[in-house]
Amino acid sequence: MKFNYKLHRLCGLSYGCPTGTATVATNASGLSAKGSNVAYTTDGNTLLSPVSNRIQAIDLVTHSVRTLPFECRSNIRCIALSPSNNNLLLAVDEQNYAVLVNYHRGVVLHRFRFKKRVRVCRFSPSGAFFAVSAGKHVQVWHSPSIRREFAPFVLHRTYTGLSSDVTTLEWSPDSSVLMAGSRDTTVRIWTLQTTRNYEPITLSGHKSPIVGTYFEGGSGKLDTIYTISEDGTLVSWVLDYAESDDADATATSSSAMADDAVSFFTGGPATPSLTSNVPGGMAREKKSQAHHLVNATARIETRHYFHQVGAKVTATSYAPRHHLLVVGFSTGLFGLYEMPTVSNIHTLAISNNLIKTCVINDSGEWLAFGCPTTQQLLVWEWRSETYVIQQRGHAYGMRCMSYSPDGVVVCTGGEDGALKLWNATSGFCYVTLKAHTAPVTAVTFANSSVILSSSLDGTVRAHDLHRYRNFKTLTTPKPVQFLSLAVDPSGEVVTAGTSDLFEIYVWNLQTGKILDIMTGHTGPVCALTFHPIRGTLASGSWDGTVRTWDLYKKDVSTEGISHSADVVCLGFRPDGLELCTGTIGGILSFWNVEDGNLKFEIDGRRDIAGGRKMNDRMTGDNNSASRYFTSVCYSADGSCVLAGGNSKYVCIYEVSQQILLKKFQVTYNRSLDGVLDE
């Protein structure tokens with residue numbers, strides 16, 4: 001058995017954070033939201049989607065998911081990908097800790113902490129710089145190389161002039177001009193390098209916080225600026241350039257020397273990159289977009305209003321090459337517009353909740369949307385009006401899971417009463433079954449085409465995986481709540497344990513009739529499992545006993561195995577000769593199935609000890625409240641036991657030597673409760 005396990009893929013969520021793990025934040029519109037932005041790679045075929053403190057790389061061509069092999073300290077707030085060969089990936093979490101990663105290799109190059117809150121980050125089109133919002137300031141940093149350096153983060157300059165938090169950033173096509181929008185309803189434009197006679201431009205034409213700012217123009221002069229605010233106002237600004245800017249074809253020697261001196265002392269581009277020889281032996285200046293802005297003035301050309309009653313603009317994205325503008329609203333509605341006429345191509349409602357992020361790929365075909373409240377990720381192809389990807393996690397968390405016998409499908413049950421089937425190879429959820437009206441407590445496969453689920457609504461339902469429907473519902477004469485579920489190896493007999501009457505119900509799956517009701521426990525039946533060879537059923541209860549039942553023989557007394565604490569999990573060895581049980585005392589007990597004698601015990605309280613939770617009055621080392629295993633299973637050869645519980649650790653024990661072989665920490669996300677020990 002190997003022990004060098006590494007995280008392969010996350011299943012259960014494609015975007016956002018699990019419910020209850022994210023701190024409450026506000027976006028530019030002031031609406032409560034959690035989650036990060038999503039980003040496309042340069043080719044537009046891969047979508048990067050942050051999930052909690054990790055990042056999923058979703059290949060839209062092959063329809064597969066890859067989880068990048070690194071994690072941040074807490075939930076990710078914003079990400080940025082370098083446009084130059086997608087070499088560098090920058091991820092900033094909720095605690096303002098940044099991780100710089102080699103995207104292709106998945107190697108962390110450097111970790112850094114920003115001193116102020118970072119809401120948005122953007123790489124320049126050239127890839128030489130990246131800008132981050134630091135409160136109401138904007139910081140521009142030099143992009144590090146893909147090699148490890150001692151101090152790779154070098155601050156280029158801090159830009160000021162805004163009176164409130166920065167909400168959006170935008171670079172000009174030649175990376176010489178930077179524009180930022182703020183919650184103070186203004187937009188400010190700076191030049192990357194010090195430009196002679198240039199004064200930063202402030203655009204004031206909105207009455208609510210800025211959500212999006214975009215440049216329109218090629219490699220020459222900037223023509224138009226689009227600014228969008230949360231109240232649904234789009235303002236189109238036209239840049240007017242002075243006549244002398246076009247009349248002077250050549251720069252005088254004195255001005256050229258002055259520009260070269262400013263560029264030299266401020267770290268700007270060198271003289272050979274600014275001038276080139278032209279016929280006649282004269283030097284014509286290659287002006288950047290920043291130099292053209294020296295004599296430019298901005299004026300409002302048009303205003304447009306997105307008439308969405310009761311909705312606020314929460315996300316925007318613009319594709320300059322295709323002149324397409326995507327606007328997401330707080331009501332789950334998005335609109336696609338053609339610029340500069342602002343002609344509505346179509347409008348579609350994809351959710352009932354806020355759209356936190358939207359982005360359009362370079363080819364202008366696929367629109368990606370993220371809804372953090374419903375943990376929903378959608379990729380929409382607007383020309384054919386079809387979904388490329390439509391993924392959504394469980395609304396209130398995941399409660400149970402099970403592998404199919406062939407290992408191809410993973411079934412999960414959630415607190416929302418839904419069952420989701422995930423392809424273990426691609427990592428996508430391909431069907432959602434909504435039959436229960438209460439949280440699902442257990443799921444198990446009867447065979448490769450039938451999935452059984454028990455719920456607190458008092459039903460056990462059988463689902464057909466060919467037609468994806470509920471074809472059998474197993475009920476009881478009295479209202480009960482089911483906690484556990486098991487099916488015999490033949491797939492014909494179904495058993496379920498209750499939490500209130502402390503009974504075990506037995507059904508025939510084909511007829512749906514109750515075969516037997518087994519009593520004897522004095523506490524909730526929380527664990528059921530069948531003998532892998534014989535028809536013996538083992539049940540564990542909170543009354544501290546494990547009972548074995550022979551379903552095919554009548555008038556046979558049940559055998560009870562007493563424990564010193566409540567039993568919460570159990571499992572048979574594959575050969576059926578040994579039974580492992582776990583109690584709330586953190587003890588794993590191993591029993592001989594034939595004579596019911598205790599063979600040995602493993603104390604796992606120190607191994608499973610978790611961190612300090614939010615409401616704990618003591619540290620994790622002194623708290624024994626959750627030091628126990630809630631799930632246990634044997635390896636295929638029966639030599640090892642895999643155990644996990646309400647902790648950040650999963651343990652592997654060697655049974656014959658009774659030693660801990662390996663302990664894995666599932667996550668290092670500090671946004672989760674109980675990760676830190678202190």
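**View 1. A hairpin of two strands, with Ala418 facing Lys434.** In this predicted model, Ala418 has Lys434 of strand β36 as its bridge partner. The two strands involved are β35, covering residues 418–423, and β36, covering residues 429–434. They run antiparallel and are joined by five bridges. Follow the chain from β35 towards β36 and you pass through five residues between the strands. One residue of this hairpin to look for is Gly427, which takes a positive phi near 85°.

**View 2. Ala395 and Asp416 meet in space.** Ala395 sits in the loop between β32 (386–392) and β33. How far apart are Ala395 and Asp416 in sequence and in space? Along the sequence they are 21 residues apart, while their C-alpha atoms are 5.8 Å apart. Ala395 has a relative accessible area of 30%, so it counts as partly exposed.

**View 3. A nonpolar patch on the surface.** Here three residues come together: Met398, Met401 and Tyr403. Together they offer about 330 Å² of accessible area. Tyr403 belongs to strand β33, which spans residues 398–403. Is Tyr403 buried or exposed? Its relative accessibility is 52%, so Tyr403 counts as exposed; the cut-off for that word is over 50%.

**View 4. An open sheet of four strands.** Read across this sheet and you meet the strands in the order β7-β8-β9-β10, with antiparallel pairing. Which strands stand at the edges? They are β7 (76–81) and β10 (107–113). Each of these has a single partner strand, so one of its sides has no neighbour in the sheet. On average, neighbouring strands here are turned by 20° against each other, direction ignored. Now look at β9, residues 97–102, and its antiparallel partner β10, which are joined by six bridges. Within this pair, Val99 stands opposite Arg111 of β10. As you trace the strands, keep in mind that side chains in a regular strand alternate between the two faces of the sheet.

**View 5. Phe114, a buried loop residue.** Just follow the chain to the loop between β10 and β11 (121–123), and you will find Phe114 there. With a relative accessible area of 3%, Phe114 is buried, because buried means under 20%. Which distance separates the C-alpha atoms of Phe114 and Asn96? The answer is 5.5 Å, although the two residues are 18 residues apart along the chain.

**View 6. The largest nonpolar core.** This core holds 18 residues. Which of them touch the most other members? They are Val177, Ile189, Leu203, Leu222, Ile225 and Leu293. Several strands feed the core with at least two residues each: β16 (177–182), β17 (186–191), β18 (201–204), β19 (210–216) and β21 (233–241). The strand that gives the most is β21, with four residues.

**View 7. A salt bridge between two buried residues, Arg54 and Glu71.** Side chains of opposite charge can pair when their charged atoms come close. The structure holds eleven salt bridges, and one of them joins Arg54 to Glu71. Their closest N and O atoms are 3.2 Å apart. Arg54 lies in strand β5 (residues 54–59), and Glu71 lies in the loop between β6 (64–67) and β7, so the pair ties together parts 17 residues apart in sequence. Arg54 has a relative accessible area of 11% and is buried. Glu71 is buried too, with a relative accessible area of 11%.

**View 8. Four residues in a network of salt bridges.** The members of this network are Arg573, Asp575, Glu578 and Lys599. In one link, Asp575 pairs with Arg573, with 2.9 Å between the closest N and O atoms. Asp575 is partly exposed at 35% relative accessibility, whereas Arg573 is buried, with a relative accessible area of 18%. In another link, Lys599 pairs with Glu578, and here the closest N and O atoms are 2.7 Å apart. Why does this pair tie together parts that are 21 residues apart in sequence? Because Lys599 lies in strand β52 (residues 598–603), while Glu578 lies in strand β50 (residues 578–583). Lys599 is partly exposed, with a relative accessible area of 41%. Glu578, by contrast, counts as buried at 1% relative accessibility.

Definitions and conventions
Residues numbered from 1 in each chain as written. Predicted model: local features only at pLDDT ≥ 70, side-chain atom pairs only at ≥ 80, totals over all residues. Heavy atoms only, no water. Pairing = 2+ DSSP bridges. Axes fitted to C-alpha atoms, helices over the stretch in contact; angles between N-to-C directions. Patch = residues over 30% accessible without salt bridge, like charges linked within 9 Å, V, L, I, M, F, W, Y side chains within 5 Å. Areas by Shrake-Rupley, 256 points an atom, 1.4 Å probe, with all protein chains shown as cover. Salt bridge = Lys/Arg side-chain N within 4 Å of Asp/Glu carboxyl O. Buried < 20%, exposed > 50% of the residue type's maximum accessible area, 1.4 Å probe, protein only. Core = buried A, V, L, I, M, F, W, Y, C linked by side-chain atoms within 4.5 Å.
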